[in-house]
Structures are given as structure tokens and as C-alpha cells.
Amino acid sequence: MLDFDRLLVVRRSRTSPRLGLPQNWQSNCVLPRSGFDDSIAVLSLADPEQELQTLYKPDEPVFVGDVDLHFGGGRVLFSSIDSHQRWQIFEISVDGTGLRQVTPGDQSDVDNYDACYLPDERIVFCSTASMVAVPCVNGSTNVSNLYRMNADGSHIRQLCFDQEHNWCPTVLPSGQVLYLRWEYTDTPHAHARLLFHMNPDGTGQMEHYGSNSYWPNSLFYARPIPNHPTRFVGIVSGHHGVPRMGELVLFDPALGRREATGVIQRIPGRDQIVEAKIEDKLVDESWPKFLHPYPLSDKYFLVAAQPTPDSLWGIYLADVFDNLVLIRQEAGFALFEPIPLRSTRRPPVIPDRVDLDRQDGLVYLADIYVGEGLQGIPRGTVKKLRLFSYDYLYPAMGGPQGVVGMEGPWDIKRIMGTVPVHEDGSALFRVPANTPIAVQPLDAEGKAVQLMRSWFTAMPGEVVSCVGCHEHPSSSPPNRQTSALAHGPTEIAPWYGPTRGFSFSREVQPVLDKHCVGCHDGRKRPNGVVLADLRGRQQIDDYNSAYHFGGKDAGHFTTSYVELHRFVRRPGLESDYHLLTPMEFHADTTQLVQLLGKGHHGVHLDTEAWDRLVTWIDLNAPFHGTWQEIAGADRVEPLARRRHDLRQLYAPQCNSEDPAIVDLLPPPSPIVPNREPPTTGGDVRCEAWPFDAEEAKRRQVAVGGPTEWMVQLAEGLAIRMRRIPAGKFVMGDSDGESDERPTCRVDVGKPFWMACCEVTNAQYAAFDPLHDSKVESRFAMQFGVRGFYVNGPTQPVVRVSWRDAMRFCEWLSRNTGRRFTLPSESQWEYACRAGTRTPFYYGGIDADFSLFANLADKTLSQYVCHPYRKDRLPLPNASKYDDWIPKDTRFDDHGFVSDGVGQYQPNAWGLNDMHGNVWEWTRSDYRDYPYVENDGRNALALDKKKVARGGSWRDRPLRARSAFRLAYRPYQAVYNVGFRIVCEDQ
């Protein structure tokens, strides 16, 4: 191990700006160009106390660092400032001779730094030539992506086309490049720095560690362990707080790649479990602090360390036995970047696989149903893939809140088109090279079944291969001939025109102009009501936000967009970073689609209109389609030209221009729908119904025997059931939605038992201990928080499909010997009404529900809460543009998201939460009325949509009436749908 007697170190004055350490959302280009006292020095291990030998010290007070030693041990690369005050890559021999600037420095607005040697003598490095900026700081920090050049600085080629920084490239024993990539496309950016690896030519870009993981927030200076195929060591750090420094952690991706599953040990911390904490300033209070690890083996590491807040930064030998041995420290200076001065084994040379004469690549997907991304989705569901790309932010503009859209997304999304998925789940298609691309699997209705909140990039001529949807990186494709391979590659089918940024005004507003503004025209109705104004030519002029937002680039929206986006639940700016439940944000879960799907006042959309609305929803409801629309042509066009020119120099195969603003077409003549005449049956009568609460209780007792029964699930865990008497009632609502009519008399012929409350997370865990009801995503940026939790033990279980609910019933039936199932629609509505004919068992549509139901009320305004606090601390100055979820602010039920079951007053039969809290699966197919019990709708078909009833915490009273219905696919796990059980009487 100790086959060296000298170390290279960076010697930096403690008075140097920020110790030369950018914050964790920055790279070198933000550091001052002067004020440093830096040198590269040689430390003798024979006598560590002797004076350091200076290898290189610049004539000017500039930064020197990012040292990389050649495999032969004779020369080093480093970053510093050139004579034009730009960052460049330099090289010097270890004897102090041969100093040269490697990067040409011929671009006066480009910084280059942080380089490493490749096995074939070429060099990979970070550069700001992408002309991309970090959005969360309003474009004030330029992004650095990875580039490659020859040893003499010629033939520079861009390798990565990423939204945010690439950091710390180094070479793996395999010859691949390991690097840190930051991304935050609709995910929490404070936690989304992933280790990636790729081939030296840019092909094969793939996650190495940390996808969909809140921990670690960042993994700087990762290096592979010598003589081990998979292990690496890195510095675990946070987002805000201390820069780059943090905890020294040893990993093995062979054990796991998510959060702490691949952790071997924190050093020091032998025999201690490493907790995957969700924090913003993750390591600020953790000591010792470490930087720049250099592994000598899987047990010993050279490292820069500061053991206590009062210590100097020195060079140490750390080991897995919790020893930390000081090698050298120096008063007034910090010593960084220890590297043994010796030759090392050169990794194998991976030949280039790119074809620079091509402008495209191929994507081969072996089987989309393999992997966690579509777990539980039946084969044959996915018919196509929607492809879109990104136009990333330009410097000195933009911001987080209210820029591209009202609540996300971060960047312009460029709709490309679709490609087919074969019956066996395979796909093979051609994509433009050097272009970041995301895919969305679409069902037969063109709705996204899963959202890819990341991207892949094909190099020219590359074949990008995926096994499935978010499969494990070590997965291998099936050993069979797929249909896609048999048919050959397909081209992208355009989406109503050429590739372009998705603009609400261009793509969605024409749908509103045609189908909606005939009524939603901003004029007062005869009854005094003013409907939402969906005309798209009026811009709002009063945008404001309590969050950190985009300043002058924020709030450039039309009144129609402001009105419509409120009815779209979507990932928003930063959704839960864990892998999304399949169909989590499926368009069918959004109120806009549910409203129109019921034939809203006779509105009937054609196929293209539906496709435009659904695509808008699936793309996270953006408004703007170009940066020019946001920041103006005067600011954007010079930067767009510069980005284009640099792409032509370093990635000429890329052809993803930012189009100019497309003029809007004149609005079409609106269609004023004919109101559908009421369906007959509104005067259906039922003998001895309705009846009051006292009569309901009398009938319940009259059945005989106990009225309550406790079903034991496990020790100390039971479901409380209430006996529901037989009877007749009128089902549906003659004044309700079209699918609630015609009303009809239904005979519930036998008494039955029904659970008083929805099944809770704790109760469901007795059946499936691995289930997680997860969280509701918060608004705005999130720092150290995951969201609003709905997985508490007394909260109703959600994100369970109809099939899961039925499996629970089957499990309970086997364990008890009684037949448990889900209620039919008639059983559910009959039990909910408990003899009433009013919209709710507690009264009419305007009744105060605060004591009876957890519905969308004024409490939901607390969605606008402090982004740095784990507890819910509402922001006091929230504007109407922050607080946009539709709600009934007349009442306050004190329930926020789903609440513990049984906290609201029950109906006359002792049933709680029949209105609100969460929707509840029934066993019935979604069919037209009149309701017929034995027409097959309760036959438990697995291929029919199933009815959910009752409304939820996110629904206003109109949607939580006794008769209101929604329908979801039986395999769909929905964010606000749970269930309660029934049992046949004996």
C-alpha cells in the first residue's frame, strides 16, 4: 500500500476567499479571480515536519487546485486563472518544468476547470461553454458540463448536456468516468445530486449511486477503491450550509444504490448504522469535516480533514478502525487534495463508440414493464412513448416560482412526438443526438402512466439501451427476440407540428377558445355569478409570491392559465424525490379531466382537444414555450446565438434550437354547448324513505343482536364494524352530474356489517408491512423536507389499488372465516345516507361541514408554508397566486391532508368519514345508471374501471356528495383513495 514517500498537496492560505470552496450549488466560476495565496507543494513522508517543497506557485494571487496526477506519475493537471481572468486547465511536470495552459482559452466568456486524465491520454474537464445557468438563483451561476479534449487542447467535444452542474470527474478501474450530476426537473433540487458514470466518449451515461434518494444530498470528490470492482469513497455533504465538505463515507453499489442501502461505513463510525436523513444543512454539525479523499485501499484513506471547529485543515490518514492520524498541518494555511506522488495502474482504454458523422442515436427499450417504474401496471397498458426535451435556462434570468409556469416546471419543455411500444413492451426508435430527452409511457387514452423526472442523452451514433422502466442498473435485457428488434427502428411521429417548446397559449388556449369561452367569457350571468374567465388574451398584472421567485421574469401569465391550472394536480416545482407510484399524477386524478369527463354542461371534446389538454397536464402544466416569452428577445437572443455558436464548435451534431416566438392564430369561433336535458327519473319515490336519525338508529337496533363488532387483525389492532339494516332508498341525484342520473329505487335486501372508518395504515400493515402511503408534495422549493406525510398509523391507507384492497379483503376472509369484501355502490351510498335524501347526511350543499367531514376548506391554505421547516409553518403573506388549490374558505374543519380516522361526527348508523378524508373504493364497475345490482357490475371484473365514493381532503363539498362518483382503473393506486370493508351478516 505504501509504495510512495511523497504527497502532492494544495497549500492555501486561510485568508483565501471562501478557502477556494464553492457552495454546493456552484462550481469554480463563482470564486473570485484573485485574493488567493495558493501553491501545489510536495510533502515528504520521511519527514512530514520539514518545509513543504513548492512545485508550482503562480505569480498572481489566483486559485490553484483540482489537481490530477497522470497515471505515469510525472505530470499533473490543475485549474487556475489565465491572463484574461478566465478559468483554464494547466499542466506541469512534477519536477516543476513544462508549465503550459492546456485549454485554448480562445472563448472570452467560457471558464474551464476540474480536469482529469483519461487512459488514452485525452482529458475530460468541466466547462461553462454550455451557456446554461442555475434557475434557483435566478440564473446568477453558470452551469459547468463535462467536455473532452486531446492532450494538446484540440478537438474539444461536449459530452454532457445536463440541466445543472457536472462535478469531480475521475476514472474508474473499468476505464469509465465517474462524476457527480445535479438535476432538478420537477424534483427537490436540494437533494438531487447523483453519481453518474459514462464511457470516455460520453456514451453509456448511467446512474451510479443516489437516484430517487434524498440522502446523500451530494457526494463530492468520489473516488474508486483500488483493486475493488465496485466500492468507492466520497464526501457526503448537504445543500446549503458548509461548502463541499462533510462526512467521509465508504460505499458499495453492489449492496444497493438508494440512500444508505449501499453504505459500508461512515469514517469514523465503525459498527454504527448510517441513517439516511432528510436534511438541508446535512452535515453542518457533524465532526470531523473531510475533503478530498484519496483511497489507498478499502481500509485506509488519505484525506484533508478538520477534526474540530477550531482545528486547522490538515492532511490525515483515516481508516475504517476509527483512527485519524495527522500527517501534516501548517499554521495559517489549509492543506488540501493529498495525492501520492507515484505511478498508478492505467485503466483499460475504452474505444470510442460515437460516429461523429451522424446526428442521431438509437434507443432500444427491451421491456417497459420490467422495473419498479411500472410495477403493477398490466402488460398491454402502454401503447406509446411521449418524447420531450428541455431548453435550459440562460444566464442572468429566470428563477423558481412563477416563471415557466405557476408552480413549476423549472425549464422549457420541448414536445417532440411519440413512438410506438410493441405488445411485448419493447421499443426501438431514433432520437436526435446530443439532446437531453425524457420519455413518458402512454396508455390507450394518451395519458402518461409514469413521469420521467430526468433525462438521457444519446451521443452521435450511440445505441442507448434500457431494460425497462427504472430498472436496477445491473439488470440485463431478456434473452429473446423482441418485436421492436424484428420491426426495426421507428422515427418520432410529430405532435401536431415540429418539435417546439410547449406553450399554453399556442397549444391549449385554442381548445379553450373553441369549447369553453362561449360560457367562460368573463361576463356576469343573469344570476349574478361571474364564471372563470378563460379568454386567453388578457395578461395578469398583479403577480406576487411569498416564496423566493423569479422577480421581473415571473408572473407573465394569462388569466385563462391562472384559472385553469388550479384544477390540475401535478408534480409542481419539487415533487417527492422517491420513485413515484405508477400513475401518481395520471391525468385521471386531476379535477379538470374528471370535470370534463363527466360532460361538463354538455361540453364534448374531440380527440385532439383531449390530447392537447392531457399533454399539458403530463408536462407539469407549463405556460411558456420559449425563454423569449419570459425574458424578452433583447435579453435572450444574444445568449441564444452564443449558445448556438458554442454548440457548433463543440457539439455540431446537436440540432435543438430555441425557436422564436410563434404568432398566435386568431381564436376560433366558440362552441356554446347545448345543455343536456335532465334525465327522466328525478321524481322517483321510495316508501318509508327518507327517514330521520332517530328512525335510522331504531332500524339498526331492530335488526337484533349487537350493533357493533370488533374484527381482530393482530394483537391490539382491530377494525370496528357497525351493523347496517336492510332497506330501500333512492340512489343517485337528479340534480347531480350526468353519471348520477337517472335516479332509481334500490333494494338493499340484507343487513351487512360496514367498517366505521377507512382502513388505516396501521391496519393495512398487518396485511402488507411494506406498503407506504407516502407523502403529498409541497408547493415551491423544498429544503430538508419530503412533503406532507399521509403514512401515519391512524391515517387512512392510500395509494392502494382496487386490486390491493380486494387482496386485503381476501386475506382477512381467510384469517377470520367470514366473507369480507368492498361495499357495492348501492351499499356504500345507502350506508352513507343513513336515511337522508340531502346531498350529505348532515345537510345540504352549503351546510357547515367542519364537524362532520375533512374536505377542502380554509386549512388547505397552509399548503403555502415555510420551505425550510419540517413542521407546517404557514407563510403570512401568501398571495392568491401561492394559495391556489380550489377550496371552500367559509369553513374550517381543521383537517389538512388526510386526518386520523374517526375524528369527525358519525352519521346516524355510526359511520365516520363517509364524506371526505379519502375516497373509498367500491367493488362496482363504473357503469351508467339506472343502477342494477345484478347486471354484472359487481362481478369483480379485473378489466373494468371501478367506482370510488365519498370525496377527500382535497375536494370541495360538491364533489363529496353522497351520490358523487369517480372511476379509476383497478390497478391504479391513487393519492387520495383508500377503502373500507363490509362483511355479510350471519
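Student: What makes Val274 a residue in touch with parts of the chain beyond its sequence neighbours?

Tutor: In this predicted model, a contact requires heavy atoms within 4.5 Å. Not counting residues up to four places away in sequence, Val274 touches Trp215, Ala260, Val263 and Arg266. One of these partners, Val263, lies eleven residues away along the chain, and the two C-alpha atoms are separated by 7.4 Å. Val274 itself belongs to the loop between strand 19 (263–267) and strand 20 (289–295).

Student: Is Val274 buried or exposed, and how do you know?

Tutor: Buried means under 20% relative accessible area. Val274 has 12%, and therefore counts as buried.

Student: Why does Asp846 receive its accessibility class?

Tutor: A residue is called exposed over 50% relative accessible area. The value for Asp846 is 53%, so Asp846 counts as exposed. Asp846 is placed in the loop between helix 12 and strand 42 (919–925).

Student: Which residues does Asp846 contact once its neighbours within four places in sequence are left aside?

Tutor: Asp846 is then in contact with Arg890 and Phe891. As for Phe623, the C-alpha to C-alpha distance from Asp846 is 34 Å, with their positions 223 residues apart in sequence.

Student: What makes helix 12 a mostly covered helix?

Tutor: The count of residues that meet the burial cut-off decides the matter. In helix 12 (residues 825–833), nine of the nine residues are buried. Among them are the charged types Glu825, Glu829 and Arg833, as well as Trp828 and Tyr830. The helix is followed by Ala834, which has a positive phi near 50°.

Student: Why is strand 2 described as largely enclosed?

Tutor: Strand 2 (residues 38–44) has seven of its seven residues buried, so the rest of the structure largely encloses it. In a regular strand the side chains alternate between the two faces of the sheet. Here Asp38, Ile40, Val42 and Ser44 point one way, while Ser39, Ala41 and Leu43 point the other way, and all are buried.

Student: How do you know that strand 2 pairs with strand 1 and with strand 3?

Tutor: Two strands pair if there are at least two bridges between them. Strand 1 (residues 6–13) and strand 2 run antiparallel and are joined by seven bridges, with Arg6 opposite Ser44. Strand 2 and strand 3 (residues 53–56) are also antiparallel, joined by three bridges, with Ile40 opposite Tyr56. Both pairings satisfy the criterion.

Student: What links strand 1 to strand 24, and why is strand 24 called enclosed?

Tutor: Strand 1 and strand 24 pair in the antiparallel sense over six bridges, and Ala334 of strand 24 is the bridge partner of Arg12. Eight of the eight residues of strand 24 (residues 333–340) are buried, so the rest of the structure largely encloses that strand.

Student: Which strands stand at the edges of the open sheet with the order 4-5-6-7, and why?

Tutor: The four strands of this sheet pair in the antiparallel sense. Strand 4 (65–69) and strand 7 (100–101) each have a single partner strand, so one side of each is left without a neighbour in the sheet. Strand 5 (residues 75–81) and strand 6 (residues 87–93) are paired over seven bridges, with Phe78 standing opposite Phe90.

Student: Which strands are the edges of the open sheet with the order 34-35-38-46-41?

Tutor: This antiparallel sheet has five strands. Its edges are strand 34 (708–714) and strand 41 (820–821); each has a single partner strand, so one side of each lacks a neighbour in the sheet. Strand 34 pairs with strand 35 (residues 717–724) over six bridges, antiparallel, and Gln712 stands opposite Ala718.

Student: Why is the chain said to be as compact as a globular protein of its length?

Tutor: The secondary structure of the chain comes to twelve helices and 46 strands. The radius of gyration is 31 Å, and the globule rule gives 30 Å for 986 residues; the two are close, so the chain is as compact as a globular protein of that length. Its C-alpha trace spans about 105 × 65 × 60 Å along the principal axes.

Student: What portion of the chain is buried, and what portion of its contacts joins residues at least 24 apart?

Tutor: Of the 986 residues, 64% count as buried. Among contacts between residues at least 6 apart in sequence, 70% join residues at least 24 apart.

Key: Residues numbered from 1 in each chain as written. Predicted model: local features only at pLDDT ≥ 70, side-chain atom pairs only at ≥ 80, totals over all residues. Heavy atoms only, no water. Helix = DSSP H or I, 4+ residues; strand = E, 2+ residues; numbered from the N terminus. Rg over C-alpha atoms; globule rule 2.2 N^0.38 Å. Buried < 20%, exposed > 50% of the residue type's maximum accessible area, 1.4 Å probe, protein only.
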